[in-house]
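The following exercises concern how the chains of a protein model meet. Each task is followed by a solution in steps.

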2 protein chains.
Amino acid sequence: PDWAPMARDGVLQLERVYKFKNFKQAWAFANKVAELAEAEFHHPGILMEWGKVTVTWWTHAIGGLHRNDFIMAAKTDQLL
Amino acid sequence: PDWAPMARDGVLQLERVYKFKNFKQAWAFANKVAELAEAEFHHPGILMEWGKVTVTWWTHAIGGLHRNDFIMAAKTDQLL
């Protein structure tokens, strides 16, 4: 359960699944990630489901991964 | 831009993409959907991205679509 590079529709992305005990905890974490995204003005995909949140970082402008995405991934881990 | 049935990993789901002008509006809508999910204790997938939210309803217990998912889809539309 760590960050993994994924190619989706030809775009390289960095993705991690975070597990939680219920929806409420997943929701709270998703909101923290959304706050970080707005603060840095770099926006990932945030998928919340019952008991898990999937976060996907990539850089729209280059259609792939930039050094900043790896920094954002590390910052996301710090929100746990 | 309406609800469409999708088969994902063999599970039939009902999915709709809602477009917004920015991340903040998408985030606010995602939170409304999360509130509805907790209130009804039926939990969809909620994917928030810059300018859009993808909501996916299905019933875990039956691995597919139940009448209730269509009702939840209609309730989701009312949150707009």
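**Exercise 1. Examine the salt bridge between Glu38(A) and Lys24(B), and place it among the polar links of the interface.**

Solution. The model is a predicted one.

Step 1. Side chains of opposite charge can pair when their charged atoms come close.

Step 2. The separation from N to O for Glu38(A) and Lys24(B) is 3.9 Å. The cut-off for a salt bridge is 4 Å, so the pair qualifies.

Step 3. Across the interface of chain B and chain A, two salt bridges are found. Polar contacts join five residue pairs between chain B and chain A, with both residues at pLDDT 80 or more.

Step 4. On the side of chain B that touches chain A, the elements that give two or more residues are α1 (23–40) and β3 (45–49) of chain B. The largest share, nine residues, is supplied by α1(B). Sorted by class, this side of chain B has 12 nonpolar, three polar and four charged residues.

**Exercise 2. Determine how much area chain B and chain A bury between them, and which three residues of chain B supply the most.**

Solution.

Step 1. Chain B contributes 19 residues to the contact, and chain A contributes 19 residues.

Step 2. The area buried between chain B and chain A is about 1600 Å², and 70% of it lies on carbon and sulfur atoms.

Step 3. Of the area that chain B buries against chain A, 31% comes from Phe23(B), Trp27(B) and Met48(B), more than from any other three residues.

Step 4. Met48(B) is also the bridge partner of Ile46(A) in β3(B). Strand β3 (residues 45–49) of chain A and β3(B) run antiparallel and are joined by three bridges.

**Exercise 3. Establish how chain B is related to chain A by superposition.**

Solution.

Step 1. A turn of 180° with a shift of 0.0 Å along the axis lays chain B on chain A with an RMSD of 0.0 Å.

Step 2. The two copies are therefore related as by a two-fold rotation axis.

Step 3. In chain B, the C-alpha nearest the axis belongs to Leu47(B), at 2.0 Å from it.

Step 4. Both copies use the same surface: 100% of the contact residues of chain B recur in chain A.

**Exercise 4. Describe the pairing of β1(B) with β2(B), and the salt bridge of Arg16(A) with Asp2(A).**

Solution.

Step 1. In chain B, strand β1 (residues 4–8) and strand β2 (residues 11–19) run antiparallel and are joined by five bridges. Within this pairing, Ala7(B) has Leu12(B) of β2(B) as its bridge partner.

Step 2. The two strands, β1(B) and β2(B), form a hairpin with two residues between them. In the turn, Asp9(B) has a positive phi of about 50°.

Step 3. Over all chains, the whole structure holds 10 salt bridges. In chain A, the side chains of Arg16(A) and Asp2(A) form a salt bridge at 3.7 Å, N to O.

Step 4. This pair links distant parts of the chain, 14 residues apart: Arg16(A) lies in strand β2 (residues 11–19) of chain A, and Asp2(A) in the segment before β1 (4–8) of chain A.

Terms used: Residues are numbered from 1 along each chain as its sequence is written. Chains are lettered from A and ligands numbered from 1 in the order in which they are written. Side-chain values use heavy atoms; hydrogens and water are left out. Contact means heavy atoms within 4.5 Å. Buried area is the accessible area (1.4 Å probe) that two parts lose on being put together, summed over both. A polar contact is a pair of N or O atoms within 3.5 Å; within protein, one must be able to donate a hydrogen and the other to accept it, and residues adjacent in sequence count only if both atoms are side-chain atoms. Helices (H or I, at least four residues) and strands (E, at least two) are DSSP runs, numbered from the N terminus. Ala, Val, Leu, Ile, Met, Phe, Trp, Tyr, Cys and Pro count as nonpolar, Asp, Glu, Lys and Arg as charged, and the others, Gly among them, as polar. Two strands pair if DSSP finds at least two bridges between them. Copies are superposed by least squares on the C-alpha atoms of residues with pLDDT of at least 70 in both.
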